[in-house]
Amino acid sequence: MGSKVSGVNGDFEICAWAAWKLSAQVALFLCAGLFGLTGCKANDEAHGAADNPAAVSAAASGAGRGGADDAPAPESSGGFDGKLAFEHVAKQVGFGPRPSGSQAIAQTQDYILTQLKSDGCTTEVDAFNADTPVGRLPMKNILVKIPGDDSSIILLGTHYDTLLRNDITFVGADDSASSTAVMLELARLLCGKHGKHAVWIAFFDGEEAMKVWSDTDSRYGSRQMAARLAASGDISKIKAFLLADMVGSRSLHFSREESSTKSLVDLMWATAARLGYPDIFVNTSSGAQDDHDSFLKRKVPSMDVIDFDREQDVPFWHTADDTLDKISARSLAISGHVFLETVNELQKQ
């Protein structure tokens with residue numbers, strides 16, 4: 001959404017980095033002793049993909065502090081595994097900052113595609129170049145396609161890039177690793193299933209502005225996909241677009257995004273209440289410019305699920321403090337559970 005790491009002692013950062021450089025096994029041992037094995041497993045794997053002291057420090061700041069340990073049992077959240085989703089967040093954070101066109105985002109793309117393949121998902125990749133205020137950048141949209149009985153499409157989406165910041169280390173645990181993790185776990189649950197309507201899951205590159213947010217400097221990936229689907233005629237088949245963005249913070253609350261299609265918001269909020277989450281999906285309203293705009297402009301019923309309360313829930317938005325310790329596996333599970341059950345409700349229509 002449209003460099004000091006919080007909560008980490010500087011001496012520990014140096015120690016953790018030195019331990020990592022000495023041996024991944026030693027680092028894992030230290031992590032297990034200090035934080036517990038649950039968070040360390042994901043972060044050990046993440047660090048192996050990102051030989052980056054800032055990324056290691058950022059990932060370590062949240063590992064084992066209860067983020068993964070507060071996950072509900074999957075059977076209580078429709079099969080959605082909050083602990084697995086948390087591991088997906090840790091993996092992305094371990095790659096470090098992931099702005100469009102970076103080496104780290106290429107690693108993220110490979111990770112997303114590898115996970116989707118392992119879950120038996122059929123994917124399409126649209127590699128394109130975007131003209132931005134910082135130059136022409138290569139970008140990739142990834143699209144999962146799960147067939148249905150008819151031609152109608154339920155589209156789910158997230159962006160996976162992080163804000164371009166040269167002054168701080170921004171690893172974007174909530175923005176955008178949390179929503180990307182939720183969509184990966186939803187793909188695991190939905191790929192291989194067959195419903196009345198097709199389900200597509202979009203992973204957008206280039207949501208963030210390169211300089212200043214505007215209609216031309218932002219939402220590069222979703223604008224690209226909406227244009228391609230309009231050209232192919234598939235956009236008219238989308239009966240609902242459900243976007244996730246910033247869905248993993250520890251103090252999670254979603255307001256009704258006021259530009260979103262009301263009938264979809266009503267459906268999701270009613271679903272959340274039925275599942276027992278009325279304190280998370282609250283009946284206040286707020287506005288957000290996001291990837292759903294690219295589809296609303298083309299008359300697609302669309303909604304944005306985003307915790308954008310910068311005073312209470314996400315004071316770390318677009319700062320160096322958007323680190324793994326801000327993420328809760330319970331919040332990821334709640335978000336994923338509600339998305340999953342909303343898809344099930346849409347399949348009945």
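Where is the place of lysine 299? In this predicted model, lysine 299 sits in the loop that joins helix 10 (292-296) to strand 8 (302-306). Its phi angle is near 70°, a positive value in a residue other than glycine. Lysine 299 has a relative accessible area of 74% and is therefore classed as exposed, the cut-off for that class being over 50%.

Histidine 318 also has a positive phi, near 55°, and is likewise a residue other than glycine. The loop that holds histidine 318 runs between strand 8 and helix 11. With a relative accessible area of 11%, histidine 318 falls under the 20% limit and so counts as buried.

**Salt bridges**

The count of salt bridges in the model comes to 14. Three of the pairs are listed below with the distance from N to O.

| Pair | N to O distance | Relative accessible area |
|---|---|---|
| Glutamate 124 and lysine 145 | 3.1 Å | Glutamate 124, 40%; lysine 145, 23% |
| Arginine 188 and glutamate 185 | 2.5 Å | Arginine 188, 32%; glutamate 185, 1% |
| Aspartate 234 and lysine 237 | 3.1 Å | Aspartate 234, 17%; lysine 237, 35% |

The salt bridge between glutamate 124 and lysine 145 has its closest N and O atoms 3.1 Å apart. This pair links distant parts of the chain, with glutamate 124 in strand 1 (residues 123-132), lysine 145 in strand 2 (residues 135-146), and their positions 21 residues apart in the numbering. Glutamate 124 is partly exposed at 40% relative accessibility, and lysine 145 is partly exposed at 23%.

The salt bridge of arginine 188 with glutamate 185 lies within one element. Both residues belong to helix 7 (residues 173-190), where they are 3 residues apart, or about one turn of the helix. Arginine 188 is partly exposed, whereas glutamate 185 is buried, its relative accessible area being 1%.

In the salt bridge formed by aspartate 234 and lysine 237, the acidic partner, aspartate 234, has a relative accessibility of 17%; this is under 20%, so aspartate 234 counts as buried. Lysine 237 is partly exposed, with a relative accessible area of 35%.

Salt bridges also join into a network, whose members are Asp215, Arg219, Asp293 and Lys297.

**Packing of helix 9 and helix 11**

How do the two helices meet, and what angle do their axes make? Helix 9 (residues 262-275) and helix 11 (residues 329-347) have axes that come within 9 Å and cross at roughly 120°. Helix 9 is therefore oblique to helix 11, because an angle of this value lies outside the range of 65 to 115 degrees for roughly perpendicular axes and is not over 145, the limit for roughly antiparallel ones. The crossing of helix 9 with helix 11 is right-handed.

On the side of helix 9, the contact is made by Leu264, Leu267, Met268, Thr271, Ala272, Arg274 and Leu275. Helix 11 contributes His337, Val338, Phe339, Glu341, Thr342, Glu345 and Leu346. By class, the residues of this contact divide into 8 nonpolar, 3 polar and 3 charged. Among the nonpolar residues are Leu267 and Met268 of helix 9 and Val338 and Phe339 of helix 11. The charged residues include Arg274 in helix 9 and Glu341 in helix 11.

Notes. Residues are numbered from 1 along each chain as its sequence is written. This is a predicted model: local features need pLDDT of at least 70, side-chain atom pairs count only at pLDDT 80 or more; totals for chains, interfaces and linings use all residues. Side-chain values use heavy atoms; hydrogens and water are left out. A salt bridge is a side-chain nitrogen of Lys or Arg within 4 Å of a carboxyl oxygen of Asp or Glu. Helices (H or I, at least four residues) and strands (E, at least two) are DSSP runs, numbered from the N terminus. Buried means under 20% relative accessible area, exposed over 50%, partly exposed in between (1.4 Å probe, protein chains only). Axes are lines fitted to C-alpha atoms, for helices over the stretch in contact, and angles run from 0 to 180 degrees between N-to-C directions. Angles under 35 degrees count as roughly parallel, over 145 as roughly antiparallel, 65 to 115 as roughly perpendicular and the rest as oblique. A crossing is left-handed if the near helix is turned anticlockwise from the far one by less than a right angle, and right-handed if clockwise. Contact means heavy atoms within 4.5 Å.
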